[in-house]
Structures are given as C-alpha cells and as structure tokens.
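Grab a pencil and work through a few exercises on the model shown here. Each one sets a task and then walks through a solution.

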Amino acid sequence: MKKLLLSIFIITSCLTWAQDNIEVVNVMNPGLKAYMEDNTYDTKTDFSVSIIDKYLKYGNNLDWPAGKTVSWTLTVPASQVKQICIAVSEYNDYSDAYTFYPSVKDNSYIIRNSTPGHTYYYKVDQINTDNTTTTLTQGKFKAVGQVRMIQARGARNMRDMGGWPSLWGGSIKYGILYRSGNLDRLTDAGRHDLVDNLNIDAELDLRGESKLKFSALGKQAAFRQCSHSGYNVLIKQQKDKLKDDLMWILELLRNEGDSPQGIDWHCAIGCDRCGTVSFLIGGLLGMNETDLGRDYELSCFSGHDRKRVKIKSLISYIKTCGDPGDDLAHCFYKYWEKQVGISRDDLDYFIMRIIDFDAEEAQDYEE
C-alpha cells in the first residue's frame, strides 16, 4: 500500500512539475503591462487625470501583442525549401491549428495573437521542394495576461474586447468582439490573420466616407456600413443607428450558435466613432468606470492622443439614465433599454452570451 501511495505521489509530482515548467508567455507587451499594473486610477478618479503618457516610451508598435519567439535551423539549403509553416493549436494533433508562413530566409518568428489562459502546442515545419516535410522544432506554451492586443498585417489599433472584469460577474469573453482602426489596407497575410486564424468574419464599418461595397475581410464576410458620429452626438442623437448596430450583432450571434464568429467594428483610426461604440457596448457588458477609461486610452499606443477626459461627459450622461442607487452597469442597461429601444430579452441574451460567467454568477444574473 505504501509503495502504491509513493508511486501515486511520484507520478503526481512529475505531472505537476511538467505543468509548472510549461513556458509562460505574457501577451501584454512591456508598455501595456506596466500601464495595466499602474494603480493610479484607483485613487485618481477624476477623468482629467491621465497616466498614459508615462507608458508611450516603451518602444514602437505598442498596439501589438507580445508573443512566443520560436527559432529554427534549416536542414537543407534554402533553395531546396518551398515553404516554412508554423502551426499553433490547443490540441497536440493540431486539429484546429492556425498558421503562419514566415519567409524561407527567416530563422525565427514571433507567434502573436494568443488568447490569455489558453495553452498552445506549436511546431515549425520545413516543406521541401520535393514535397517532403521536416519538423524543425516544436513545443508548448501558456498565454497569460489580460488585455489582448491583435496584430493583423495591414491594420492598426486592434484589440479584443475580452478579458475585462464585469460588474455583472465574471469577465468578458475573448474571441468574439473586436475593435480596430480601418481594415482597408489589410494584406493577404493580414486577412489570413483575422479570417483564418482568429475566425473574424463580420465587419461593422462606422464610417460614412468609405466607398467599400463589401467587407475588407472578403466577400464571404458579414458586412454592415453606416455613417456614425462620435461621442455626445452618437450617444444622444443617433440612437437609431446604435439600435441597428446591436441588433445586427445579435442576429450574427444567434445564427452562429455555440461557435460565434468574431465581429470587428471600426472607424478610420479606431478612436472616436469606434471608441464611442466600444464605450457603450463595454459599459453594457459591465466594464467599470476605470476600465472604460483605460480601454479608451489604449488607442494612444497606436500613436493617437486620446485621453480619458474625452469620455468624461459620456460617463456623466450615462449615470443620469439609471435610477437612484443603480451601479454603472445598470445605468448602461437602462440606456440601451429605455433610450435606444433594445428589449430586455435581447439585452439579457447579449450579456449572457458575451460574459464568461460561472454557474453561480449566471444564476445570480438570471435572477
């Protein structure tokens, strides 16, 4: 019996050791990580105070995520290599792999756009001109962090709306709602990043100046284009457009069943019109006042001066939409219900669909 218990202990210890020794990769680049760890806004609640400028000195491409660097050495001359393929998957059989195709001349690559909390297998395959394949390196890593910036070649200022804690309970799910600058300059590789790797296949274009007739993601993508204004004009005078936006998103979610496609909304640079829509949807999903300001300011990382003071009046207005004693989430909810005209059934469906509740939190919300 003692030998059996000792064997179990050894096996368990080995499994724990193996799990603990999986490489951990924080998807937040150093500037973003430092910004998110700064607790100044916990006490400096006046929106005229901003700290974002302190974190713009960390380097270039601060609107990109950090990632896992992989390196390799070819086993044959480059002239005999047709392609390098990097496959990344949550399964060791690579059944749901997403892929990257660096140049044959490269000997390293940074795997980006991983989802925090997920563990990934990766391998680098050398596909030769004689159609044989050699695996050059492989491994496993776990992505951690909160804010998930997205690198899509040809697009900027793009991030997942997921990861933020919700006043309703739980947190916003990753991989469904995205915000960005325009997608007009997406390269073929960037389209592959979004459509094939991230399953983003719906585009809400908030610009009136765009002449596009179908999505930059491709003709297969769901596409809605409608001229929006930003800030107080949108929130007070264009409620019909907001209603159509959310109903369009709800239709996509219902049609997709248990595996929703990603939905990206954008304006020209992803700041004002996009920022206002993101503020209203993030608030409905239970983002608190500080986090709404933080998310808005993240566009500074793509080179745009957007301090949280610009949405101070929006916060004040939303607070007038609730009843005495309501928290901010209920104020947003009543704005969408009573002013925009979305039914409670639709609002509840959206919240339940997008927030990652545990069983107890889901029951509390439903009650």
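Before starting, one term: a polar contact is a pair of N or O atoms within 3.5 Å, where one atom must be able to donate a hydrogen and the other to accept it. Keep in mind, too, that this is a predicted model.

**Exercise 1. The start of helix 8**

Task: find which side-chain oxygen reaches a backbone nitrogen at the start of helix 8, and work out how covered the helix is.

Solution:
- Step 1. Helix 8 spans residues 289–297.
- Step 2. Look at Asn288: one of its side-chain oxygens comes to within 3.1 Å of the backbone nitrogen of Thr290. With the cut-off for a polar contact at 3.5 Å, that distance fits.
- Step 3. Now check the cover. Of the 9 residues in helix 8, 8 are buried, so the helix is mostly covered.
- Step 4. The buried ones include some charged side chains: Asp291, Arg294, Asp295 and Glu297 are among them. Thr290, the residue met in step 2, is buried as well.

**Exercise 2. The setting of Asp125**

Task: decide whether Asp125 is buried or exposed, and name its side-chain polar partner.

Solution:
- Step 1. Place the residue: Asp125 sits in strand 6, residues 119–128.
- Step 2. Its relative accessible area is 11%, so Asp125 counts as buried.
- Step 3. Skip the neighbours within four places in sequence, and Asp125 is in contact with Gln83, Ile84 and Cys85, plus Thr133, Thr134 and Thr135.
- Step 4. Out of that list, pick Thr135: its side chain makes a polar contact of 2.7 Å with the side chain of Asp125.

**Exercise 3. A lysine in helix 10**

Task: find what the side chain of Lys334 pairs with, and say whether Lys334 is buried or exposed.

Solution:
- Step 1. Lys334 belongs to helix 10, residues 328–340.
- Step 2. At 15% relative accessible area, Lys334 falls under the 20% limit, so it is buried.
- Step 3. Beyond four places in sequence, Lys334 is in contact with Cys321, Gly322, Asp323, Asp326 and Gln339.
- Step 4. Asp326 is the partner to note, since a polar contact of 2.6 Å joins its side chain to that of Lys334.

**Exercise 4. Two asparagines with positive phi**

Task: work out where Asn61 and Asn113 lie, and how exposed Asn61 and Asn113 are.

Solution:
- Step 1. Asn61 has a phi of about 55°, positive although the residue is not a glycine. For Asn113, phi is near 75°.
- Step 2. Asn61 is in the loop between helix 3 (40–43) and strand 2 (68–71). Asn113 is in the loop between strand 5 (108–111) and strand 6.
- Step 3. With a relative accessibility of 32%, Asn61 is partly exposed, whereas Asn113, at 6%, is buried.

**Exercise 5. The whole protein**

Task: judge how compact the protein is from its radius of gyration.

Solution:
- Step 1. Start with the elements: the protein has 12 helices and 15 strands.
- Step 2. The radius of gyration is 22 Å, close to the 21 Å from the globule rule for 367 residues, so the protein is as compact as a globular protein of that length.
- Step 3. For burial, 51% of the 367 residues count as buried.
- Step 4. Finish with the contacts: among those between residues at least 6 apart in sequence, 67% join residues at least 24 apart.

How values were computed:
Residues are numbered from 1 along each chain as its sequence is written. This is a predicted model: local features need pLDDT of at least 70, side-chain atom pairs count only at pLDDT 80 or more; totals for chains, interfaces and linings use all residues. Side-chain values use heavy atoms; hydrogens and water are left out. Helices (H or I, at least four residues) and strands (E, at least two) are DSSP runs, numbered from the N terminus. Buried means under 20% relative accessible area, exposed over 50%, partly exposed in between (1.4 Å probe, protein chains only). Contact means heavy atoms within 4.5 Å. The radius of gyration is taken over C-alpha atoms; the globule rule is 2.2 Å times the number of residues to the power 0.38.
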